[in-house]
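Subject: The structure I promised you

Hi,

Here is the structure I said I would pass on. Have a look at it first, and then read my notes underneath.

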Amino acid sequence: MKTVESEIAAILSGSISAITQRSIFRRLGGIASLPVQRLSPRDRQAVQAEIESSIRLFAPARSGELISSCARVLGDEPSGRDAAAAPPGPELDRARKLPIEGERDIAAARLEAWSEAVRLGLSKFASVKVATAVSELARNIVFYAGKGSIDLRTVRDGKGTRLEIVAADEGPGIDPAKVEAIFAGSFKSERGLGKGLVAVQKLVDDFHLDTRPGRGTRVSCVFKHDRSGQ
Amino acid sequence: MQGQQQVPIIKIRNCLLVSVQTELHDRLALDLQETLIARVRSEGTRGVILDVSTVEVIDSYITRILNDIGKSVRLLGADCYMVGIRPAVAMTLIEMGVELDSVSTALNLDAALARLDLRA
């Protein structure tokens with residue numbers, strides 16, 4: 001059976017590592033295991049957009065060739081031709097929620113944040129900053145709360161283009177005195193909670209921490225395109 | 001499956017080269033540290049070189065792991081070099097204000113080996 005995964009993997013092998021490919025297919029969720037001809041035009045478009053941004057990210061040197069090969073494979077069915085031919089252009093004002101439940105979700109969240117940053121048009125450096133910040137936030141959730149979620153939202157409005165990140169959990173929360181110590185630089189935890197939060201605060205343009213013992217933790221931050229993109 | 005995972009360690013001259021590629025989760029990091037210490041001790045290794053050229057993101061947790069490895073290797077009298085750090089990663093580390101001060105750095109593998117040789 002020719003599934004989306006097997007077809008695309010055949011094109012990408014040799015250009016993108018197997019590990020990275022797995023993360024790409026994971027991002028597609030159930031769609032990856034569908035036979036190509038059963039994709040709805042909308043699925044097709046989603047797959048195409050996803051694969052395209054991953055190719056640009058991981059195999060920039062051969063991106064043109066790989067993207068058109070993938071488009072050919074995905075767009076061979078007459079029903080999907082229009083969707084596949086549509087220009088993928090960056091989608092704005094889109095939001096996605098990433099569940100964070102274990103160590104493997106940290107890497108997935110990082111990758112997701114990175115591609116979102118690239119899609120938004122952030123520079124290479126800014127995209128690494130975004131991925132690093134999300135990595136810190138995801139780690140804190142896994143280490144201290146066990147599980148939670150990270151919301152990524154790309155926004156373009158009168159105030160400019162930006163990426164909003166919200167990491168939320170219902171874990172033990174952080175004591176106010178400890179929060180103060182963390183940002184004063186005098187607190188050091190076993191596994192680096194303090195350092196992680198301070199690092200995130202330094203990387204982002206806007207940082208807000210909302211936490212109370214027993215009530216969970218919520219970190220909201222913003223990357224602005226204008227500043228980070230330089 | 002996670003239990004089988006290992007970070008590859010290659011012996012080059014009198015040094016151990018570690019190619020840091022996979023996601024260093026807790027267990028893997030501890031395993032790596034233990035294996036390195038044991039091998040430095042049993043093989044009289046002069047230096048350990050951590051190659052991070054394929055690592056796209058280094059956060060404060062990975063920094064701590066690398067620092068811990070550096071410290072333990074140094075305690076045994078060997079040198080620990082980190083090579084191949086990507087420019088965007090280096091800039092991000094500076095901006096975050098985290099220090100990678102328990103490992104020496106060199107531009108690439110060649111440079112690290114040359115410095116370790118000079119010390120002989």
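Which pattern does chain B follow when you read along the sequence? It goes β-β-α-β-α-β-α-β-α, so you can tick off 4 helices and 5 strands as you move through chain B. Before you go further, please keep in mind that this is a predicted model.

**Chain B as a whole**

A compact globule of 120 residues would have a radius of gyration near 14 Å, and chain B agrees with that because its own value is 14 Å. If you draw a box around its C-alpha atoms along the principal axes, you get roughly 35 × 35 × 20 Å. Of the 120 residues in chain B, 37% are buried. Now take the contacts in chain B between residues at least 6 apart in sequence: 73% of them join residues at least 24 apart.

**The sheet in chain A**

Over in chain A, look for an open sheet of 5 strands with antiparallel pairing, in the order β1-β2-β3-β5-β4. Why do β1 (94-100) and β4 (206-211) of chain A each have one side without a neighbour in the sheet? They stand at the edges and each has a single partner strand, so nothing in the sheet lies on the other side. On average, neighbouring strands here are turned by 15° against each other, ignoring direction.

As a reminder, strands of a sheet pair through backbone hydrogen bonds, and this can be parallel or antiparallel. A good pair to zoom in on is β2 (residues 148-157) and β3 (residues 160-169) of chain A, which run antiparallel over 10 bridges. Within that pair, A:D157 stands opposite A:G160 of β3(A). Helix α7 (residues 124-145) of chain A packs on this sheet and touches β1, β2, β3 and β5 (217-224) of chain A. The direction of α7 makes about 15° with that of β3(A).

**Two crossing helices**

Still in chain A, find helix α2 (residues 18-28) and helix α6 (residues 103-120): their axes come within 11 Å and cross at roughly 80°. Because of that angle, α2(A) counts as roughly perpendicular to α6(A). From α2(A), the contact uses A:S23, A:R26 and A:R27, while α6(A) brings A:A107, A:A108, A:L111 and A:E112. Sorted by class, that gives 3 nonpolar, 1 polar and 3 charged residues.

**One glycine to click on**

Is A:G171 buried or exposed? It counts as buried because it has 20 C-beta neighbours inside 10 Å. You will find A:G171 in the loop between β3 and α8 (176-184) of chain A. Leaving out residues up to four places away in sequence, A:G171 touches A:Y144, A:A145, A:G146, A:G148, A:G216 and A:T217. For A:G171 and A:A133, the separation is 38 residues in sequence and 19 Å in space, C-alpha to C-alpha.

**Where the chains meet**

The contact between the two chains takes 16 residues from chain B and 18 residues from chain A. On the chain B side, α2 (60-75) and α3 (87-96) each supply at least two residues. Which helix gives the most to that side? That is α3(B), with 6 residues. By class, the side of chain B that touches chain A has 7 nonpolar, 4 polar and 5 charged residues.

Have fun clicking around!

Methods: Residues numbered from 1 in each chain as written. Chains lettered and ligands numbered in written order. Predicted model: local features only at pLDDT ≥ 70, side-chain atom pairs only at ≥ 80, totals over all residues. Rg over C-alpha atoms; globule rule 2.2 N^0.38 Å. Buried ≥ 20, exposed ≤ 12 C-beta atoms within 10 Å, placed from the backbone. Contact = placed C-beta atoms within 7 Å. Pairing = 2+ DSSP bridges. Axes fitted to C-alpha atoms, helices over the stretch in contact; angles between N-to-C directions. Parallel < 35°, antiparallel > 145°, perpendicular 65-115°, else oblique. Nonpolar A, V, L, I, M, F, W, Y, C, P; charged D, E, K, R; others polar.
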